[in-house]
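Student: Could we go through this structure together? I should like to begin with the overall fold and then turn to individual residues.

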Amino acid sequence: MKFIKRLFFTLIFLGLIIGGWITWQGYTLYQQALEKTSLEQMEQTIRSSEHYTQLSQLPEIYIDAVISAEDQRFYEHPGIDIIAIARAVWNDIKTFRFAEGGSTITQQLAKNMYFTQEKKLTRKVAEMFMAFKMEQEFDKDELLEFYVNTIYFGQNYYGIGNASLGYFGISPKEMNDYQSTLLAGIPNAPSVYALNNNLDLASQRQQQVLNRMKKLGYLTDEEMKQILAAA
């Protein structure tokens, strides 16, 4: 019995040491990234991009679709979503692989602008620190606006402005409900859902987005049917 207790406390102690080391390494990576590129410089870079689109120029249904698909508690959390992280960790444990990360829109923005796409714990910690910093410096609408102007839509289209022009030949404010919800699903896996690659898979992803919007109260059954009928 004593051996089991000692082993238990030893494992806890080792876990704390490892966790502390990972946190410190992540914080160091965050500091280095911020020293290299300040948040002000990041903002200038995003706003100066071609076809930059303000949130007010986007269809409301597109914004609702993005939040439904990517981060339903975006306007409530401080940069990280504990509920989403817990769900992702549980799913990773069940599948024995690092498949989900529970990233918020702010974390995804931090990753896209400052870090690599590698699935490393230190990068994840650095991403969290950066997300907290971004939430302190910008309001939610600004962060969402930055996000939709930097995400990848496949076919070398970065940002919603370039995507709507590239795929449909129109500006974002001209997109209808079908086009808006179709594009909202692509950033989840751009190489898979890019419209020029596989429209069938993109449509399946759109259906998932619409179901999510319905579940969250953004759409009714009838409204969802009308959107799909416009295909």
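Tutor: The discussion below concerns a predicted model, beginning with the chain as a whole.

Student: What does the secondary structure of the chain come to?
Tutor: The chain has twelve helices and zero strands. Read from the N terminus, its elements run α-α-α-α-α-α-α-α-α-α-α-α.

Student: How much of the chain counts as buried?
Tutor: Of its 231 residues, 44% count as buried. The chain exposes about 13000 Å², and carbon and sulfur atoms supply 55% of that area.

Student: And what share of the contacts comes from residues 24 or more positions apart?
Tutor: Such pairs account for 63% of the contacts in the chain that have a separation of 6 or more.

Student: Let us take an example. Where is phenylalanine 146, and is it buried or exposed?
Tutor: Phenylalanine 146 belongs to helix α7, which spans residues 140-148. Its relative accessible area is 0%, so phenylalanine 146 is buried.

Student: What does phenylalanine 146 touch?
Tutor: Leaving aside neighbours within four places in sequence, phenylalanine 146 is in contact with Met42, Glu43, Ile46, Arg47, Tyr52, Leu109 and Phe138. Take isoleucine 46: it is 100 residues from phenylalanine 146 in sequence, yet their C-alpha atoms are 6.6 Å apart.

Student: Two charged residues are in that list, Glu43 and Arg47. How do the side chains of arginine 47 and glutamate 43 meet?
Tutor: They meet in a salt bridge, with 3.0 Å from N to O. Both residues lie in helix α2 (residues 39-47), four residues apart, which is about one turn of the helix.

Student: Why does that spacing suit a pairing of side chains on one helix?
Tutor: An α-helix has 3.6 residues a turn, so residues three or four places apart point the same way.

Student: Which residues are linked with Arg47 in a network of salt bridges?
Tutor: The network links Arg47 with Glu43 and Glu145. Arginine 47 has a relative accessible area of 33%, so it counts as partly exposed.

Student: How many salt bridges are there?
Tutor: The count comes to eight. One of them joins glutamate 127 and arginine 123, whose closest N and O atoms are 2.2 Å apart. These two residues are separated by about one helical turn because they are four residues apart in helix α6 (residues 121-137).

Student: Are glutamate 127 and arginine 123 buried or exposed?
Tutor: Glutamate 127 is buried, at 0% relative accessibility. Arginine 123 is buried too, with a relative accessible area of 8%.

Student: What about aspartate 81: which residue is its salt-bridge partner?
Tutor: Aspartate 81 pairs with arginine 73, and their closest N and O atoms are 2.8 Å apart. Aspartate 81 counts as buried at 6% relative accessibility, and arginine 73 counts as buried at 17%.

Student: Now a buried charge without such a partner. What is the nearest side chain of opposite charge to arginine 205?
Tutor: It is glutamate 70, 4.1 Å away; arginine 205 is buried yet has no salt bridge. A salt bridge requires the nitrogen to be within 4 Å of the carboxyl oxygen, so a separation of 4.1 Å does not qualify.

Student: Which backbone oxygen lies 3.1 Å from a polar atom of that arginine 205 side chain?
Tutor: The backbone oxygen of glycine 185 does. Arginine 205 is in helix α11 (residues 199-215). Not counting residues up to four places away in sequence, arginine 205 touches Ala69, Glu70, Gly185, Asn188 and Tyr193.

Student: Changing topic to helix α8: which of its residues are buried?
Tutor: In α8 (residues 160-168), the buried residues are Ile160, Gly161, Ala163, Ser164 and Tyr167. They cover an arc of only 170° around the axis, so they are on the same side of α8.

Student: What covers the buried residues of α8?
Tutor: The cover includes α3 (60-70), α7 and α9 (177-185). Just after α8, glycine 169 takes a positive phi of about 75°.

Student: Finally, is tryptophan 24 buried or exposed?
Tutor: Tryptophan 24 counts as exposed, because its relative accessibility is 52%. Tryptophan 24 sits in helix α1 (residues 2-36). Its C-alpha atom is separated by 9.2 Å from that of alanine 126, which is 102 residues away along the chain.

Conventions
Residues are numbered from 1 along each chain as its sequence is written. This is a predicted model: local features need pLDDT of at least 70, side-chain atom pairs count only at pLDDT 80 or more; totals for chains, interfaces and linings use all residues. Side-chain values use heavy atoms; hydrogens and water are left out. Buried means under 20% relative accessible area, exposed over 50%, partly exposed in between (1.4 Å probe, protein chains only). Lys and Arg count as positive and Asp and Glu as negative; His and the chain ends are not counted. A polar contact is a pair of N or O atoms within 3.5 Å; within protein, one must be able to donate a hydrogen and the other to accept it, and residues adjacent in sequence count only if both atoms are side-chain atoms. Contact means heavy atoms within 4.5 Å. Accessible areas come from the Shrake-Rupley method with a 1.4 Å probe; for residues, only the protein chains shown count as cover. The arc is that of the directions from the helix axis to the C-beta atoms.
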